[in-house]
Amino acid sequence: MAEPTYEELKAKLAELEKQGPKRTGSLEFRVGEKGGVSVYGLGRFPVTLYYEQWNRLLDASDKLREFMEDNKSRLKLKEQ
């Protein structure tokens with residue numbers, strides 16, 4: 001198979017740029033260089049916490065849900 005020409009590569013790049021970023025909506029987890037766990041797919045940037053921090057957050061999940069429900073009128077919600 002022959003190597004693509006410069007013009008073919010340029011056309012392919014333009015086509016990919018038109019499509020924009022692909023967001024699957026699924027979450028992806030990675031371990032970073034410094035040992036933190038990063039969650040990708042929530043927003044533009046990953047959320048990174050260390051093991052103990054994730055455990056504290058997960059242990060408080062019921063309180064967090066209750067807090068969000070109590071303050072729902074003040075929160076910005078995505079239009080569905």
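**Exercise 1. Work out which residue the side chain of Ser38 pairs with, and how Ser38 is placed around that pair.**

Solution. Start with the pair itself: the side chains of Ser38 and Thr48 are joined by a polar contact of 2.6 Å. Bear in mind that we're looking at a predicted model.

Next, place the residue in the fold. Ser38 belongs to strand S2, which covers residues 37-40.

Then list what's around. Skipping residues up to four places away in sequence, Ser38 touches Glu28, Phe29 and Arg30, and also Pro46, Val47 and Thr48.

Last, check the exposure. The relative accessible area of Ser38 is 6%, and the cut-off for buried is under 20%, so Ser38 counts as buried.

**Exercise 2. Take Arg30 and find where it sits, what it touches and how exposed it is.**

Solution. First, the address: Arg30 is in strand S1, residues 28-31.

Second, the contacts. With neighbours within four places in sequence left aside, Arg30 meets Gly36, Val37, Ser38 and Tyr40. Ser38 turns up here, and Arg30 was likewise on the contact list of Ser38.

Third, the side chain. Arg30 makes a polar contact of 2.8 Å with the side chain of Glu28.

Fourth, the exposure. Arg30 has a relative accessible area of 40%; that falls between the 20% and 50% limits, so the label is partly exposed.

Finally, bring Thr48 back in. Arg30 and Thr48 are 18 residues apart along the chain, and their C-alpha atoms are separated by 9.2 Å.

**Exercise 3. Sort Glu7, Leu16 and Asp62 by helix, and decide whether each is exposed or partly exposed.**

Solution. Begin with helix H1, residues 6-19, where you'll find Glu7. Leu16 lies in helix H1 too. Asp62 goes to helix H3, residues 61-70.

Now apply the cut-off. Exposed means over 50%, so Glu7, at 52% relative accessibility, counts as exposed. Asp62 is at 60%, and therefore exposed as well. Leu16 comes in at 42%, so it's partly exposed.

To finish, try some C-alpha to C-alpha distances:

- Glu7 and Trp54 are 48 Å apart in space, with their positions 47 residues apart in sequence.
- Leu16 and Met1 are 22 Å apart, at a sequence separation of 15 residues.
- Asp62 and Val37 are 21 Å apart, at a sequence separation of 25 residues.

**Exercise 4. Step back and describe the overall architecture and shape of the protein.**

Solution. Count the elements first: there are three helices and three strands. Along the sequence they come in the order α-β-β-β-α-α.

Then look at the dimensions. Along the principal axes, the C-alpha atoms fill a box of roughly 60 × 35 × 15 Å. The radius of gyration is 20 Å, whereas a compact globule of 80 residues would come out near 12 Å.

Now turn to the contacts. Among those with a separation of 6 or more, residues 24 or more positions apart account for 0%.

Burial is the next step: buried residues make up 6% of the 80 residues, and Ser38 is one of the buried ones.

Finish with the surface and the charges. The protein exposes about 8300 Å², of which carbon and sulfur atoms supply 55%. On the charge side, you get 15 positive and 14 negative side chains, and the centres of the two sets lie 4 Å apart.

Technical notes: Residues are numbered from 1 along each chain as its sequence is written. This is a predicted model: local features need pLDDT of at least 70, side-chain atom pairs count only at pLDDT 80 or more; totals for chains, interfaces and linings use all residues. Side-chain values use heavy atoms; hydrogens and water are left out. Helices (H or I, at least four residues) and strands (E, at least two) are DSSP runs, numbered from the N terminus. The radius of gyration is taken over C-alpha atoms; the globule rule is 2.2 Å times the number of residues to the power 0.38. Buried means under 20% relative accessible area, exposed over 50%, partly exposed in between (1.4 Å probe, protein chains only). Contact means heavy atoms within 4.5 Å. Accessible areas come from the Shrake-Rupley method with a 1.4 Å probe; for residues, only the protein chains shown count as cover. Lys and Arg count as positive and Asp and Glu as negative; His and the chain ends are not counted. The place of a charge is taken as NZ of Lys, CZ of Arg, CG of Asp or CD of Glu. A polar contact is a pair of N or O atoms within 3.5 Å; within protein, one must be able to donate a hydrogen and the other to accept it, and residues adjacent in sequence count only if both atoms are side-chain atoms.
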